[in-house]
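Ready for a few exercises on strands, a pocket and charged pairs? Take a look at the sequence and the fold before you start, and try each task before reading its solution.

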Amino acid sequence: QAHLVESGGGLVQAGGSLRLSCVASGRIFRIIGMGWYRQAPGKQRELVARIGDGGNTNYADSVKGRFTISRGNARNTVTLQMNNLKPDDTAVYYCTADLAMRNGDPVDGYWGQGTQVTVSS
């Protein structure tokens with residue numbers, strides 16, 4: 001079983017920055033891609049950013065130019081650098097990973113527990 005643990009959430013003023021990190025642990029064969037979703041109160045969970053195994057990235061339009069996703073050299077970590085934060089960015093942020101536990105296993109999606117990001121105006 002794989003586990004994803006996020007860190008780095010908190011309270012920040014509008015215009016400030018936060019850096020979220022996520023580590024995937026367990027006897028993982030291969031991680032195909034990792035990403036971040038967020039869910040604000042009363043809203044559906046939405047994709048924030050995703051990075052594939054080859055380094056290709058995609059972002060929600062609302063965060064382009066402000067957020068940057070990257071993976072660590074160990075390939076089991078993903079970070080989300082969030083700059084120029086806005087009150088609308090307030091949400092619980094969830095780390096995700098598409099991975100296979102063993103060679104030949106299907107790729108499954110895993111989720112972290114979430115970390116709260118609150119941006120005050």
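Keep in mind that this is a predicted model.

**Exercise 1. Find the salt bridge between Arg30 and Asp53, and work out which parts of the chain the pair links.**

Step 1: start with the distance. The side chains of Arg30 and Asp53 come together at 2.9 Å, N to O. The cut-off for a salt bridge is 4 Å, so the pair qualifies.

Step 2: place the two partners. Arg30 sits in strand S4, while Asp53 belongs to the loop between S5 and strand S6 (57-59). With their positions 23 residues apart, the pair links distant parts of the chain.

Step 3: check the exposure. Buried ends at 20% and exposed begins over 50%. Arg30 has 43% relative accessibility, so Arg30 counts as partly exposed. Asp53 has 32%, so Asp53 is partly exposed too.

**Exercise 2. Are Arg66 and Asp89 buried or exposed, and which loops does their salt bridge tie together?**

Step 1: the closest N and O atoms of Arg66 and Asp89 are 2.8 Å apart, and the two form a salt bridge.

Step 2: Arg66 lies in the loop between S6 and S7, and Asp89 in the loop between S8 and S9, so the bridge ties together parts that are 23 residues apart in sequence.

Step 3: now use the 20% limit for buried residues. Arg66 comes out at 9%, so Arg66 is buried. Asp89 comes out at 1%, so Asp89 is buried as well.

Step 4: look for a network. Arg30, Asp53, Arg71 and Arg75 are joined into one by salt bridges that share partners.

Step 5: for contrast, try Asp61 and Lys64, whose side chains meet in a salt bridge at 3.1 Å, N to O. Asp61 and Lys64 are both exposed. The count for the model is nine salt bridges.

**Exercise 3. In what order do the four strands of the open sheet run, and which are the edge strands?**

Step 1: read across the sheet. The order is S1-S3-S8-S7, with antiparallel pairing.

Step 2: look for strands that pair on one side only. These edge strands are S1 (3-7) and S7 (67-71).

Step 3: add the angle. On average, neighbouring strands of this sheet are turned by 15° against each other, direction ignored.

Step 4: zoom in on one pair. S3 (residues 18-25) and S8 (residues 77-82) are joined by six bridges. Val23 has Thr77 of S8 as its bridge partner.

**Exercise 4. Which strands does S4 pair with, and over how many bridges?**

Step 1: take S9 (residues 91-100). S4 (residues 30-39) pairs with S9 over nine bridges, in the antiparallel sense. Met34 faces Ala97 in S9.

Step 2: take S5 (residues 46-52). The antiparallel pairing of S4 and S5 has six bridges, and Gly33 is the bridge partner of Gly52 in S5.

Step 3: follow the chain from S4 to S5. The two form a hairpin with six residues between them, and Gly42 in the turn shows a positive phi of about 75°.

**Exercise 5. Which residues lie nearest the centre of the largest pocket, and what classes make up its lining?**

Step 1: the largest pocket holds about 150 Å³ of space.

Step 2: of its 13 lining residues, Arg38, Lys43, Glu46, Asp88 and Asp89 lie nearest the centre.

Step 3: sort the lining by class. There are seven charged, four polar and two nonpolar residues.

Terms used: Residues are numbered from 1 along each chain as its sequence is written. This is a predicted model: local features need pLDDT of at least 70, side-chain atom pairs count only at pLDDT 80 or more; totals for chains, interfaces and linings use all residues. Side-chain values use heavy atoms; hydrogens and water are left out. Two strands pair if DSSP finds at least two bridges between them. Axes are lines fitted to C-alpha atoms, for helices over the stretch in contact, and angles run from 0 to 180 degrees between N-to-C directions. On a 1 Å grid over the protein atoms alone, a cavity is a set of points where a 1.4 Å probe fits but cannot get out, and a pocket is an open set with protein on both sides within 12 Å along at least five of seven lines; lining residues have an atom within 4 Å of a point. Grid points are joined across faces, edges and corners, and a volume is the space filled by probe spheres set on the points. Ala, Val, Leu, Ile, Met, Phe, Trp, Tyr, Cys and Pro count as nonpolar, Asp, Glu, Lys and Arg as charged, and the others, Gly among them, as polar. Buried means under 20% relative accessible area, exposed over 50%, partly exposed in between (1.4 Å probe, protein chains only).
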